[in-house]
Amino acid sequence: MSIPDLKTQLAELIALPSISSASPRHDMGNLAVIERLAQWLETLGFAVRILPLPDNPNKANLLATLGTGPGGLVLAGHTDTVPCDEQLWDSSPFTLSERDNRFYGLGATDMKGFFPIAIEAARTFLDTPLKQPLMILATADEESSMAGARALASQGFPKARYAVIGEPTGLRPIRMHKGIMMEAVRLQGRSGHSSDPALGRSALDAMHDVMTELVNLRKALQSRYQHSGFTLPTPTLNLGCIHGGDNPNRICGQCELQFDLRGVPGMHNDELRQQIRQRLQPIADLHQVNFELVDLMPGIEPFEQDADSDLVKAAEQLSGHQADAVAFGTEAGFMQQLGMETIVMGPGSIDVAHQPNEYLAHEQIVPAVELLRGLIKRFCL
């Protein structure tokens, strides 16, 4: 029994919607994609495990292994996509469209397109005894919560020595990215008539001081932490949106500020949250308002793979590019937690992801297959 060619595989994966979203209105499962990949990989002789996410049987990870032994190489990608505005696309986002030497479709580059490429690279070695196993890993929910990668890290597998996350990097190896925290400060005061401030406790007055303190924290973090590997070498803290009160003649009883903090390698999200609590609690006490710091999403830790690691050196040699850094977050840190040397490297451009008319350029496909073949030869034969 044979499996479809690369283009047909991509068309079939794109035709299976697998949107993940923090909004229940848009969120859906990924089982159809996982089961299709499992079918193809089993046909090729991989040993396949489908791993449902805890408390969510409609979502799963997949781990397919060719060969046995310690160590080995993992080619990893996520099966979910972001939501889309179909009316803004020039063609259906769920139907593969080919024009201008590009494949168009939701997930074409971010990152369903990686799986047919990884499968095509693996097919070269189906009849070759492997000294170390080759694994293809497909995860759930990267675009919303990274629940798939978190589940794998807690379960303690896959067990391998090297991992390549196939996010779109234009086939340039990436060995570091910043962390991500999205938090909300919620203040609960007491409303009252604006003619007499003593009748209430203004959450908005307290939030003014909170914002000032967060700006002070930003300055302190940028003074303390710098990483020359990034175009913007310092951590960032963005005050994103604020909501509070309901009328100009009422003392504001409730106020919420949402912010985004992106740390560089060497910083840790839990320690940052503790710093924030320590700085903001005295302000809440002064204004006599209740204070809560809430995670809007599970954070992603900063990621960095050593520049002298075997995987980085091999990827640089095979790709012809020096390993670099990106601003977006990935599942790389979770693979690293499992003890693997990890890089991010895949076909396509992040610049066309998350927007209408997402595409994968034809010119990226053959070089991507050859690059993965080179890594398999290096670390599995």
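A salt bridge, as the term is used here, is a side-chain nitrogen of Lys or Arg lying within 4 Å of a carboxyl oxygen of Asp or Glu. The structure to which this is applied is a predicted model, and by this rule the count comes to 16 salt bridges. One of them joins the side chains of R36 and E12, with nitrogen and oxygen 2.7 Å apart. Because R36 belongs to helix 2 (residues 31–43) and E12 to helix 1 (residues 6–14), this pair ties together parts that are 24 residues apart in sequence. R36 is partly exposed, with a relative accessible area of 24%, and E12 is likewise partly exposed, with a value of 24%.

Another salt bridge brings together the side chains of R279 and E213, at 2.6 Å from N to O. This pair links distant parts of the chain, since R279 sits in helix 6 (residues 269–287) and E213 in helix 5 (residues 203–224), 66 residues apart. With a relative accessible area of 28%, R279 counts as partly exposed.

Helix 6 also holds a salt bridge of its own, in which D270 and R273 have their closest N and O atoms 3.2 Å apart. These two residues are three apart along helix 6, about one turn of the helix. D270 is exposed, at 57% relative accessible area, whereas R273 is buried, at 8%. Salt bridges that share partners join D270 and R273 with E183 and D295 into one network.

What becomes of a buried charged residue such as E142, which has no salt bridge? E142 is found in the loop between strand 6 (134–139) and helix 4 (147–155), and the nearest side chain of opposite charge, that of R150, is 9.6 Å away. That distance exceeds the 4 Å limit for a salt bridge. The side chain of E142 does, however, make a polar contact with the side chain of H78, at 3.3 Å.

The aromatic rings offer a further set of contacts, and here the count comes to three aromatic pairs. One of these is formed by Y104 and Y359, whose ring centres are 5.5 Å apart and whose planes stand at 55 degrees, an arrangement described as tilted. Because Y104 lies in strand 5 (residues 102–104) and Y359 in strand 16 (residues 359–361), the pair ties together parts that are 255 residues apart in sequence. Y104 is buried, with a relative accessible area of 5%. In the pair of F114 and F115, the centres are 6.3 Å apart and the planes meet at 65 degrees, so the pair is edge-to-face. Both of its members are buried, F114 at 2% relative accessibility and F115 at 1%.

Rings also meet charged groups in this model. The charged end of R49 sits over the ring of F157, 5.0 Å from the centre of that ring, and the charged end of K178 sits over the ring of F230, at 5.7 Å from its centre.

The cysteines come last. How many disulfides does a search of the whole structure find? The search finds zero. For C252, the closest cysteine sulfur is that of C255, and at 5.0 Å it is too far for a bond, because a disulfide requires the two sulfur atoms to be within 2.5 Å. C252 is buried, with a relative accessible area of 7%, while C84, at 23% relative accessibility, counts as partly exposed.

Key: Residues numbered from 1 in each chain as written. Predicted model: local features only at pLDDT ≥ 70, side-chain atom pairs only at ≥ 80, totals over all residues. Heavy atoms only, no water. Buried < 20%, exposed > 50% of the residue type's maximum accessible area, 1.4 Å probe, protein only. Phe/Tyr/Trp six-rings, centres within 6.5 Å; stacked < 30°, edge-to-face > 60°. Helix = DSSP H or I, 4+ residues; strand = E, 2+ residues; numbered from the N terminus. Lys NZ or Arg CZ within 6 Å of the ring centre and 35° of its normal. Lys, Arg positive; Asp, Glu negative; His and termini not counted. Polar contact = N/O pair within 3.5 Å; in protein donor to acceptor, adjacent residues only side chain to side chain.
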